[in-house]
Amino acid sequence: MGACSNNPHPEPLEKKSGDGTPWKVRYAALPEDPRSLDPQVSYDSVSRRVLEPLQECLLEYQPFKTDPYELTPCLLRALPERFERSGGGIGYKCELKAGILFHNDPCFPEGRGREVVAEDVLYAFQRIADPKVECPALSSLQDYVEGLAETFEAARKSDSFDYHKPISGLRVTGKYTFEIHLKAAYPQLLYWLAMHFTSPVAKEAVEFYDGKVHDGATREMFRFHPVGTGPFQIAEWKRNTRIRLKRNPDYRTTTFPLEGWNADQEALLRPLAGKALPFVDEVNMTVFRETIPIFLLFRQGYLDGMGVGKDAFSSLITPSRDLSGKYKERGVSLHRDIEPSTFFMALNMEDPVLGPNRKLRQALSCAFNAKSNLDIFFNSVPIVAEQLLPPGIAGYRKDFRNPYGYNLEKAKALLAEAGYPNGKDAGGKVLEITLDTTGGSANERLMAEFDQQQFEQLGIKVKVVENPFARLMEKLDNGGFQIAAGSGWGADYPDPENFYFLYYSKNLPPAGKNHSRYQNPEFDKLFETMATMENGPAREGLALKMNDLLAEDVPHVLNMHRSTFSLTQPWAPRIQSNPLLEGGLKYAVVDYEMREQLRAQWNKKPAWPLAVLIAVFAFGAFLTLHARRTS
């Protein structure tokens, strides 16, 4: 009994690090299994959180500089060199760092990862153009990267992709060097080089992990078995339970930055400057579909950090939005972050009921009380979204108010104008709409009920369909929904183009993420002009016009810009807070000795069960001896 423990985690993969120190594990939580870890496909936040430490990008964001954000080299030796092409157009010269290796994996001879070369970048761009891969970046990149659209169209028509044929806009000029040729100026290209879509990929890995039977055993699909260059690689994936990542012993790409942090972080971060990454040996990501277990395990010291959700908010945060004294005494740190993100319900513009009826969409928008939603489910922490662009993005209008924000009387009037007075059509039939949501947790069901009640105030009927996260993503991609709750967008890069492209008509799925299927020629024309401009007053003016078009057409019901509270344990201080890094696990640190000491203090085993057991055995022994003496 003395050896019993309430630690829910499996034993670490190893006991000692290579230098003889204790094996350091970082414990984190995931809400779902990742949908895909294919770098040319992965786009949702859960998948990217797992992929980020596995698959490196050509460029990356400096972890401390966010105003403005700053790009730095990762797999590249330096930032791409821009040049004017002799025949017109723009080009970028790029050079990979030498000696970067793919993870050791059975897809390579003798299981040893080979060196990354320029041909691997070309292969990544070929996969972007392969219709069967269905890369979401294609719709944006094909308008600018020379030959990308033509390559995609030829493959679509022939129903096959010729990987032996290069793309005209991608020119391999040496073992480590290549050029990207653009048809027109596109400053955002550098942001795309900091995303996984353009990460180099080993052709051997894609061909090896084909999901087919080989020698009597079924191999995984590449989407579930990435072979990257990152500081970690997957050691275990128990579906719907946990993912464990293990340090890549051959990682040499980057070291900890030498500068960029605030003065108040100097004592913590200066000792790390220039040191090899990563700092931990293992990352244990456990899947939790409910939030209560996360809070309980954090309180016991079995999670190194947590987001502060509704269930635990009052126990952790004071009315003045400070950390409660109990957790301050424990050394827990509170962080508040405003993410460059916007969340909304997507309205399907191809739906025969919603699509042609703008008044109906406006009525639905006016019926939804975003503030109440945030008060009830998010403790009033996020910001009510009045527009698509979040704070901090060029073109955001601080004084703008959504003309179809919550106003129930206006909603009812608009519904009547839409042809449904009191929620009924001309024949007296009650309008029924379908709301697709994620399901599985009690909180998700309560949120779905709230959304349902908001719309049913209009006298209409709302059918709620609960979906696993992956299934809802599929419906958004294939258009199999009417209204989809829980939709949203976190910035891939800090630019208005990255939000407005969600409503560009050429970004309809599967080419892109225009889930609402919004098509407006005037919006498209503005977008095409704005997308290639440098930031400035003229560009901001175009962004404002695009905002006004979306405000009137209502292809979505706006909800919030996410603002979050999170906690970290005293042994796992937060090193970076750049929201464009999906976790930044290569920078994570853990004080192993402090964690072991505090865990023991926080989880003391009561002595009374053992004392009772000893007393029972002693009493039993007494009775036995007494019986023998009297027999």
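**View 1. Strands β10 and β11 pair in the antiparallel sense.** Let's start with two partners in this predicted model: six bridges join β10 to β11, the strand of residues 242–247. Look across the pair and you will find I234 opposite L245 of β11, and W237 opposite I243 of β11.

**View 2. A hairpin links β10 and β11.** Three residues lie between the two strands of this hairpin. Which residue in the turn has a positive phi? N240 does, with a value of about 65 degrees.

**View 3. Four strands make an open sheet.** Follow the strands in the order β1-β12-β11-β10, and you will meet mixed pairing along the way. At the edges stand β1 (25–30) and β10 (232–238); each has a single partner strand, so one side of each is left without a neighbour in the sheet. On average, neighbouring strands here are turned by 20 degrees against each other, with direction ignored.

**View 4. The largest nonpolar core has 93 residues.** Among its residues with the most contacts inside the core are F178, W192, F256 and Y500. Helix α2, which spans residues 118–129, gives the most to this core, with seven residues. As a rule of thumb, nonpolar side chains in soluble globular proteins tend to be buried together.

**View 5. I180 is another of the residues with the most contacts inside the largest core.** Leaving out residues up to four places away in sequence, I180 touches I90, G91, Y92, C94, F125, V145, G169, L170, L189 and L193.

**View 6. A second core is separate and has 30 residues.** Some of its members to look for are F368, A411, L431 and L458.

How values were computed
Residues are numbered from 1 along each chain as its sequence is written. This is a predicted model: local features need pLDDT of at least 70, side-chain atom pairs count only at pLDDT 80 or more; totals for chains, interfaces and linings use all residues. Side-chain values use heavy atoms; hydrogens and water are left out. Two strands pair if DSSP finds at least two bridges between them. Axes are lines fitted to C-alpha atoms, for helices over the stretch in contact, and angles run from 0 to 180 degrees between N-to-C directions. A nonpolar core is a set of buried Ala, Val, Leu, Ile, Met, Phe, Trp, Tyr and Cys residues joined through side-chain atoms within 4.5 Å. Buried means under 20% relative accessible area, exposed over 50%, partly exposed in between (1.4 Å probe, protein chains only). Contact means heavy atoms within 4.5 Å.
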